[in-house]
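Hi,

Here is the structure I promised to pass on. Have a look at it first, and then read on for my notes.

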Number of protein chains: 2
Amino acid sequence: MRARDLAIDFPTVSVDTQGLEAARLIARDRLPGLIVCDGNGLPFTVLPGSQVLRFVVPLYVQDDPHLARAYDEQASDEVTRKLGDSTVGDLLKGHPGSRDPDEIPIVDPDATTIEIAAVMARAHSPLVAVVEGGRVLGAVTAALLLDALLPQAEDRA
Amino acid sequence: MRARDLAIDFPTVSVDTQGLEAARLIARDRLPGLIVCDGNGLPFTVLPGSQVLRFVVPLYVQDDPHLARAYDEQASDEVTRKLGDSTVGDLLKGHPGSRDPDEIPIVDPDATTIEIAAVMARAHSPLVAVVEGGRVLGAVTAALLLDALLPQAEDRA
């Protein structure tokens, strides 16, 4: 099994994509995150869903989640406004995985299952992009990869 | 919207569950991770799928994923054996989220959407467990939560 056999269709966004549009893609398709491409269409990081939440929740509420109970009524409007006024680039700020060029979650189509697993483990990413000649063929998620690595039927352990 | 309305059925494991069984649950249901309970059935952390991969891939391969290309043939057997010989507790070793008691991804059924988001953001977790009276009612994922927070129809930004 190689990356090209495991890759599934996956939406990509750019750093200039509106935050609200990115959040909606994650929500609509129940995705673990999105592949983020640079100006040349080359992926350079993954935006996890939890990072979007980190962006929209005020820091003082992250420090004490119980404070959130007070202002739930207007929360949805505020989140929507904040995401509408931001880009994917803004959402990525403070995301550790977006800094180290060694931790870009990308593999080529011939990557083996263990190679994909190694890249995913190193990047602490819920998915990796499969890229050929500067084009994103799709993505492999951790769950898909485990499915490919483990024997289907009986327990061989 | 409260946590009880958003929670979906979600499998739980204990620290003593075999690693292979946990990996199969993630793979079979395409889950972002699993809720891990202690001896009293109370959840205390989440095991993300990427952490399972981090456990099975040798460190020298994580350091240089290209090394993996050499030994793909026996990889699946080795991963299966390694997971078969381990417990969820072993898989969690070295997972940062499993240490700080302040970062346990748990909410009560009355938690608001923003409160759930704050707990998820703080714990860097792809999901939170909804717990009532020591019993896990289910889980809320980041994607589900974004879906609840964002307006359905037109862009209000």
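Below is what turned up at the place where the chains meet.

Please keep in mind that this is a predicted model. Chain B can be laid on chain A by a rotation of 180° with 0.0 Å of shift along the axis, and the RMSD is then 0.0 Å. That is how a two-fold axis relates its copies. Both copies use the same surface, as 100% of the contact residues of chain B recur in chain A. If you want to find the axis on screen, go to Pro32(B): its C-alpha lies 3.4 Å away, the closest approach of any residue of chain B.

Now for the contact itself. Chain B and chain A each bring 62 residues to it. Together they bury about 5200 Å², with 63% of that on carbon and sulfur atoms. Leu53(B), Arg69(B) and Ile114(B) account for 13% of what chain B buries against chain A, more than any other three residues.

For the polar side, there are 10 residue pairs in polar contact across the interface and two salt bridges. Arg30(A) and Asp147(B) form a salt bridge through their side chains, at 3.4 Å from N to O.

Several helices of chain B each put at least two residues on the side that touches chain A, among them H2 (19–29), H3 (49–56) and H8 (142–149). H7(B) gives the most, with nine residues. Sorted by class, that side of chain B holds 33 nonpolar, 12 polar and 17 charged residues.

Happy to talk it over whenever suits you.

Best wishes

Methods. Residues numbered from 1 in each chain as written. Chains lettered and ligands numbered in written order. Predicted model: local features only at pLDDT ≥ 70, side-chain atom pairs only at ≥ 80, totals over all residues. Heavy atoms only, no water. Least-squares fit on C-alpha atoms with pLDDT ≥ 70 in both. Contact = heavy atoms within 4.5 Å. Buried area = accessible area lost by both parts, 1.4 Å probe. Salt bridge = Lys/Arg side-chain N within 4 Å of Asp/Glu carboxyl O. Polar contact = N/O pair within 3.5 Å; in protein donor to acceptor, adjacent residues only side chain to side chain. Helix = DSSP H or I, 4+ residues; strand = E, 2+ residues; numbered from the N terminus. Nonpolar A, V, L, I, M, F, W, Y, C, P; charged D, E, K, R; others polar.
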